[in-house]
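Subject: Structure handover

Hello,

Please find the structure below, as agreed. My notes on it follow.

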Amino acid sequence: MENIAQPQSSFMKLCRKLSPKRKDSAADRQHIKNVDHDKNRGIEAVFAYMDANKDGRISPDELQKSFMTLGEQLSDEEAEAAVRLSDTDGDGMLDFEEFAQLIKGDDKCSEEEKKMELKEAFKMYIAEGEECITPRSLKMMLKKLGESRTTDDCRVMIRAFDLNDDGVLSFDEFALMMR
């Protein structure tokens, strides 16, 4: 089932590398300030590196090329989804604040924002005109991600999370799977 969550795998892997968990103990308060300052400088450096044309924004193409130089693969769909999920002003690009929030994580993210992000990911797996993930639409998405599966394989994957046995994944079933 790990393959179903793959659209963000490379991107989230980089985010985890760049954003270690923070400490919250009172004794480490000064250390946290230093770490946060260093982390912000690190994020600025990563942003500057990824912003190839130096326009102050990261496009899906720049994001994808940056991952390639790091030895990671990020498909067109993954790059576009990563930008779309983090683009709060709707310009199709990541400015520094959007990028920093993405790297720092979504611990400040509301339940509604998390649900919206999940809906964006869900849309990647459904075929045009459909409302659920079908074996056929899952097969097509996995193929785009470089993983060839049969329709029967996809039926088995769906069956594992298909709570009402209708042969497809609704958004609610997808959301449960992604937890």
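I will start at the end of the chain. The buried residues of α9 pack against α6. Those residues are F171, E173, F174, A175 and M177. Please keep in mind that this is a predicted model; I come back to its confidence further down.

**Aromatic rings and cores**

The contact between these two helices includes aromatic side chains. F122 lies in helix α6 and F171 in helix α9, so this pair ties together parts that are 49 residues apart in sequence. The ring centres of F122 and F171 are 5.6 Å apart and the planes stand at 80°, so the pair counts as edge-to-face. Both F122 and F171 are buried. F122 and F171 also belong to one aromatic cluster with Y125 and F174.

Two members of that cluster turn up again in the largest nonpolar core. This core has 18 residues, and Y125, I133, L138 and F174 are the ones that touch the most other members. The elements that contribute two or more residues to this core are α6 (111–125), α7 (135–144), α8 and α9. A second core, separate from this one, has 16 residues, among them I43, F47, L94 and F99. As a general point, nonpolar side chains in soluble globular proteins tend to be buried together.

The aromatic pairs come to five in total. Besides F122 and F171, I looked at F47 and F99: their ring centres are 5.5 Å apart and their planes meet at 55°, so this pair is tilted. F47 sits in helix α2 and F99 in helix α5 (residues 96–104), so many positions apart that the pair links distant parts of the chain, 52 residues from one another. F47 has 8% relative accessibility and therefore counts as buried. F99, at 1%, counts as buried as well.

**Around the end of α2**

M50 is placed in helix α2. Its relative accessibility is 2%, so M50 is buried. The C-alpha atoms of M50 and E62 are separated by 6.1 Å, with the two positions 12 residues apart along the chain as the sequence separation.

K54 is found in the loop between α2 (29–50) and β1 (57–58). K54 has a positive phi of about 55°, although it is not a glycine. At 56% relative accessibility, K54 counts as exposed, because the cut-off for exposed is over 50%.

D165 is a second residue of this kind: it is not a glycine, yet its phi is positive, at about 55°. D165 is in the loop between α8 (151–159) and α9 (171–178). With 64% relative accessibility, D165 is exposed too.

**The chain as a whole**

The protein chain holds nine helices and two strands. Read from the N terminus, the order of the elements is α-α-β-α-α-β-α-α-α-α-α. Of its 179 residues, 37% count as buried. The accessible surface comes to about 11,000 Å², and carbon and sulfur atoms account for 50% of that. Among contacts between residues at least 6 apart in sequence, 52% join residues at least 24 apart.

UniProt, in an unreviewed entry, places the feature "domain: EF-hand" at residues 38–73, 74–109 and 149–179. Over residues 149–179 the model is 55% helix and 0% strand, and the C-alpha atoms at the two ends are 24 Å apart.

**Confidence**

Which element has the lowest mean pLDDT, and which the highest? Helix α1 (residues 9–18) has the lowest, at 49, and β1 has the highest, at 94. Residues 1–9 have a pLDDT below 50, and this stretch makes 27 contacts in the model beyond near neighbours in sequence. Residues 15–35 are also below 50, with 17 such contacts. The average pLDDT over the protein chain is 77, and 75% of the residues score at least 70. Where pLDDT is low, the predicted coordinates should not be read in detail.

Regards

Key
Residues are numbered from 1 along each chain as its sequence is written. Side-chain values use heavy atoms; hydrogens and water are left out. Helices (H or I, at least four residues) and strands (E, at least two) are DSSP runs, numbered from the N terminus. Buried means under 20% relative accessible area, exposed over 50%, partly exposed in between (1.4 Å probe, protein chains only). A nonpolar core is a set of buried Ala, Val, Leu, Ile, Met, Phe, Trp, Tyr and Cys residues joined through side-chain atoms within 4.5 Å. Contact means heavy atoms within 4.5 Å. UniProt positions are given in the numbering used here, feature names are shortened, and annotations may be inferred rather than shown by experiment. Accessible areas come from the Shrake-Rupley method with a 1.4 Å probe; for residues, only the protein chains shown count as cover. pLDDT is the predictor's confidence in each residue, from 0 to 100. Rings of Phe, Tyr and Trp (its six-membered ring) pair if their centres lie within 6.5 Å; planes under 30 degrees apart count as stacked, over 60 as edge-to-face and the rest as tilted.
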